[in-house]
Each structure stands twice: as C-alpha cells, then as structure tokens.
Amino acid sequence: MSDPFKGIEPMVYQSKINVPYSWWAGDTASKFYITLRDEKIILGTKCETCNKVFLPPRKVCPSCFTENREWVTLADEGTVLSFTVARRRFAAIPNNKKVPVIWGLIKLDGADTAMLHYLDEIKPENVTIGMRVKAVFSEVRQGTIRDISHFKPVQ
Ligand SMILES: [Zn+2]
C-alpha cells in the first residue's frame with residue numbers, strides 16, 4: 001500500500017488566539033483599583049513586621065508572611081529605577097499607544113517596591129535612570145492600572 005501523504009510538505013500556519021477571560025481581583029486589588037478609579041489615589045499596603053510598603057499592594061508580605069492590614073497613600077511622584085523602549089508595535093502595546101513605547105520601573109515616594117508603567121511626554125533618548133516622574137491619570141477611569149495613563153517627567 002502506498003503512503004497517501006508521500007510528497008506532501010507539512011505546512012505551518014501563523015495565527016492568533018483571542019482568549020477572553022475574567023479573574024477575581026480579590027479584596028486587596030479591588031480596593032486599590034476602586035480608589036484609583038474614584039479618587040485618583042494610589043494606595044500601597046504596609047507590612048507591620050518589616051515596615052515595607054508594597055506597590056502594587058500585596059495582601060501578604062513576601063518576606064515575613066504577615067498579612068498586610070495597613071493601607072498607605074503614596075505620592076503620585078517617584079523615581080525611574082529602570083526602563084526599556086519598544087520601537088516596534090507588538091500585541092502587548094495597546095492600539096492607542098504610539099511607538100516607540102517606553103516602559104519604566106517606577107518607585108513612588110513612600111513605596112519600597114516599584115511598579116511597571118508607561119513613560120510618556122518625553123523622548124526615549126532623554127529618559128534616565130533616577131529621573132523624577134509624576135502620574136498622569138486617565139480622563140475616563142475604569143478601575144484598571146490604565147487609570148494611570150502614564151508617567152511624565154517632573155518639570
Ligand atoms: Zn514584612
């Protein structure tokens with residue numbers, strides 16, 4: 001019996017998968033997002049054992065395993081610890097963002113940890129580690145991290 005697939009070259013297709021999903025944000029993330037949306041206030045949580053302040057807020061301190069019960073209002077200004085520039089468009093870049101896109105690891109005043117967010121209103125070649133930045137809130141806020149539109153240089 002002859003091989004019915006002899007001479008057939010296997011093909012590879014490129015495609016995309018769109019997977020809608022939802023997840024339970026939990027009480028810590030919910031309070032953080034609701035406060036951000038409704039009051040434009042950035043909250044962190046504080047460990048009562050080691051006094052570290054976490055942003056994004058964490059329910060449990062990863063060092064002490066203490067439940068973080070204290071909320072801390074953080075400044076909307078902070079310091080760039082690191083950054084990277086994407087000069088090509090890819091799936092992780094929202095359609096309303098122009099390339100190049102700059103991501104910064106930003107430590108807000110009063111926090112001991114940093115958050116990843118967009119840097120804008122500055123050219124990539126002018127971004128420096130240690131520069132001071134300030135949060136710019138979105139006009140329409142929906143209870144997501146995108147309620148902070150981006151961070152801009154402090155003038
Ligand atoms: Zn701790």
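Colleague: In this predicted model, which residues touch the most other members of the largest nonpolar core?

Modeller: The largest nonpolar core has 20 residues, and a few of them touch more of the other members than the rest do. Those that touch the most are Ile 42, Leu 55, Leu 74, Ile 106 and Leu 108.

Colleague: Which element gives the most residues to this core?

Modeller: Several elements give two or more residues to the core, among them helix H1 and the strands E1 (42-46), E2 (53-54) and E5 (101-108). With four residues, the element that gives the most is E5.

Colleague: Which residues does Leu 55 touch, not counting those up to four places away in sequence?

Modeller: Leu 55 is one of the core residues that touch the most other members. With residues up to four places away in sequence left out, Leu 55 touches Ile 42, Gly 44, Leu 74, Leu 108, Ala 111, Thr 113 and Met 115.

Colleague: In the open sheet of three strands, which are the edge strands?

Modeller: The strands of this open sheet follow the order E2-E1-E3, and their pairing is antiparallel. Two of the strands pair on one side only, and these edge strands are E2 and E3 (70-74).

Colleague: What is the bridge partner of Gly 44 in E3?

Modeller: E1 and E3 run antiparallel and are joined by five bridges. Within E3, the partner of Gly 44 is Val 72.

Colleague: How far apart are the end C-alpha atoms of helix H1?

Modeller: Helix H1 covers residues 26-39, and at 1.5 Å a residue its 14 residues should span 20 Å. The distance in the model agrees with this expectation, because the end C-alpha atoms are apart by 19 Å.

Definitions and conventions
Residues are numbered from 1 along each chain as its sequence is written. This is a predicted model: local features need pLDDT of at least 70, side-chain atom pairs count only at pLDDT 80 or more; totals for chains, interfaces and linings use all residues. The expected span of a helix is 1.5 Å times one less than its number of residues. A nonpolar core is a set of buried Ala, Val, Leu, Ile, Met, Phe, Trp, Tyr and Cys residues joined through C-beta atoms within 7 Å. A residue is buried if 20 or more other C-beta atoms lie within 10 Å of its own, exposed if 12 or fewer, and partly exposed in between; C-beta atoms are placed from the backbone. Two residues are in contact if their C-beta atoms, placed from the backbone, lie within 7 Å. Two strands pair if DSSP finds at least two bridges between them.
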